[in-house]
Structures are given as C-alpha cells and as structure tokens.
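Biologist: Please take a close look at a single part of this structure, and then set it in its surroundings. A reader new to the structure should be able to follow each term.

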Amino acid sequence: MMEYLALKWLHILSATLLYGTGLGSAFYKFMADRSGNLQAIAQTNKVVVLADWCFTTPTVILQPVTGIWLAHLAGYPLTSSWLVVSMLLYSVAGLCWLPVVRLQIRMKMLALEAVSHDRPLDPRYTRLTRAWFWLGVPAFIALVLVYVLMVFKPVLWS
Ligand code: HEM
C-alpha cells in the first residue's frame, strides 16, 4: 500500500510540474513578448528552454512510467477505456510538444541574436511564436481531459 501511495504521490507531483511548467512558460512568454522589451523577451525565452529541460522533459517520461506502474499495482487493465483514451490523449500532447521544443530553441536564438547585435527581432520570431501557441492549445486541452479521466475513471465502453 505504501509503495502504491508513494508512486501515486510521485505521479500527481509530476503531473503538476508538467502542466504547471507549460502553463507558466506560456504565460511568462506571452507577457514578455507583449512588453516589446527585447532584453525581457530574450531572458524569458532562455528560461523557457531551461524549464523545459529541467521540468518538462523528466516529467514527460515519469508520467507514463508511474501511470503504467500504478495501473499494474492497482490491477487496472491497460485496456480499460479511461486508460486507453488517457494514453491516446497523452500521445497527442507529446506529439505537439516535440516540435515545440525545437521552436523554443529557435525563438531563443533569434531573441539572443537581436539583443547581441542590437537590432529588432527577426520577423520569423512572430511566426514561430504563433506556431508555438497553436501547438500548445491541443496539448493543454488533452492534458485537462486526462486529468478528468484520471479522477473520474469513466467506463467509456465495455
Ligand atoms: C500517460 C499515461 C498515464 C497512465 C497510464 C496513468 C495511470 C494512472 C493510474 C493507474 C492512476 C491511479 C488511480 C487511483 O489510484 O485511483 C492515476 C492517477 C492519477 N493520474 Fe494518471 N496516468 C497517466 C497520465 C497522467 C497524466 C498525463 C496526468 C495529468 C496531466 C495524470 C494525472 C493523474 C492524477 C491527478 C491522478 C490521481 C487521481 C485519483 O487519485 O483519483 N495522469 N493515473
């Protein structure tokens, strides 16, 4: 029982970090971009990339590992409808996140280049930010739905 609860604690902590880091990064980047302050934009993009490595990458891995382990310990078949749909939604979020990592690195480079050469932001920055935002939307919706499925564990089919 203790193993199960410790694992569930880790699973929930990891979900919080995963979701919170993504939402926090999106908010701070949005506010920095809106400020038009190049130093702030460059610094925020740098921190967004760092937060992705420190928090998102480990939790993206931890989440399915702890989840599948919990299912095994609790005796939930991985074919349970709520788990199948959760894993599909999680895969959608993961597929959106992979290009986001690349976009973040490119935006960071563009912002740092602008600061170091004392010139305006490359117009590509706005295009990359737009793509970054629109990849984030389905990923966030998918994660919110996974939270619902995890808590309610509905039988969607039998
Ligand atoms: C990707 C594969 C995942 C699997 C296989 C999985 C599996 C599980 C299992 C078996 C439980 C135990 C439920 C219980 O003890 O009653 C659980 C709980 C939970 N999971 Fe996941 N999970 C996954 C991903 C996620 C994600 C992506 C999130 C949120 C972003 C999440 C959030 C939660 C929460 C909040 C609970 C606690 C629910 C409760 O105590 O009622 N899980 N998960």
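Modeller: Read from the N terminus, the elements of the protein chain follow the order α-α-α-α. The chain thus described has four helices and zero strands; helices (H or I, at least four residues) and strands (E, at least two) are DSSP runs, numbered from the N terminus. The model is a predicted one, in which local features need pLDDT of at least 70 and side-chain atom pairs count only at pLDDT 80 or more, while totals for chains, interfaces and linings use all residues. Residues are numbered from 1 along each chain as its sequence is written, and side-chain values use heavy atoms, with hydrogens and water left out.

The part chosen for the close look is the metal site. The iron atom of the ligand has two protein donors, His 11 through NE2 and Met 150 through SD, at 2.0 to 2.2 Å. Donors are N, O and S atoms within 2.8 Å of the metal (3.2 Å for Na, K and Ca), and sites may look incomplete because water is not among the atoms. The two protein donors come from distant parts of the chain: His 11 belongs to helix 1 and Met 150 to helix 4 (residues 124-152), with their positions 139 residues apart in the count.

Six donor atoms surround the iron atom of the ligand in an octahedral site, with angles of 82 to 179° among them. Six donors count as octahedral, and four as square planar, if opposite donors are over 155 degrees apart and all others between 65 and 115; four count as tetrahedral if all angles lie between 85 and 135 degrees, and anything else is irregular. Ideal angles for six octahedral donors are 90 or 180 degrees.

The two protein donors also have their own degrees of cover. His 11 counts as buried because its relative accessible area is 12%, whereas Met 150 counts as partly exposed because its value is 27%. Buried means under 20% relative accessible area, exposed over 50%, and partly exposed in between (1.4 Å probe, protein chains only).

Helix 1, the element of His 11, takes part in other features as well. Helix 1 (residues 2-35) contributes three residues, the most of any element, to a nonpolar surface patch. The patch consists of Trp 9, Leu 13, Leu 17 and Phe 55, which together have about 390 Å² of accessible area. Patches are made of residues with over 30% relative accessible area and no salt bridge, like charges being joined within 9 Å and nonpolar side chains (Val, Leu, Ile, Met, Phe, Trp, Tyr) within 5 Å; the areas come from the Shrake-Rupley method with a 1.4 Å probe, and for residues only the protein chains shown count as cover. Trp 9 is a residue of helix 1 and is classed as exposed because its relative accessible area is 55%.

Also in helix 1, Lys 29 pairs with Asp 33 in a salt bridge whose closest N and O atoms are 2.9 Å apart. A salt bridge is a side-chain nitrogen of Lys or Arg within 4 Å of a carboxyl oxygen of Asp or Glu. Lys 29 and Asp 33 are about one helical turn apart because four residues separate them in helix 1. Lys 29 is buried, at 1% relative accessibility. The whole structure holds three salt bridges, and one of them joins Asp 122 to Arg 124, with closest N and O atoms 2.9 Å apart.

Helix 4, the element of Met 150, leads to the interior. The largest nonpolar core has 13 residues, and Leu 89, Ala 93 and Leu 143 have the most contacts inside it. Such a core is a set of buried Ala, Val, Leu, Ile, Met, Phe, Trp, Tyr and Cys residues joined through side-chain atoms within 4.5 Å. Two elements, helix 3 (81-116) and helix 4, each give two or more residues to this core, and helix 3 gives the most, with six. In soluble globular proteins, nonpolar side chains tend to be buried together.

Helix 3 also contains Ser 86, which is buried at 2% relative accessibility. The C-alpha atoms of Ser 86 and Leu 149 are 6.7 Å apart in space, although the two residues are 63 residues apart in sequence.
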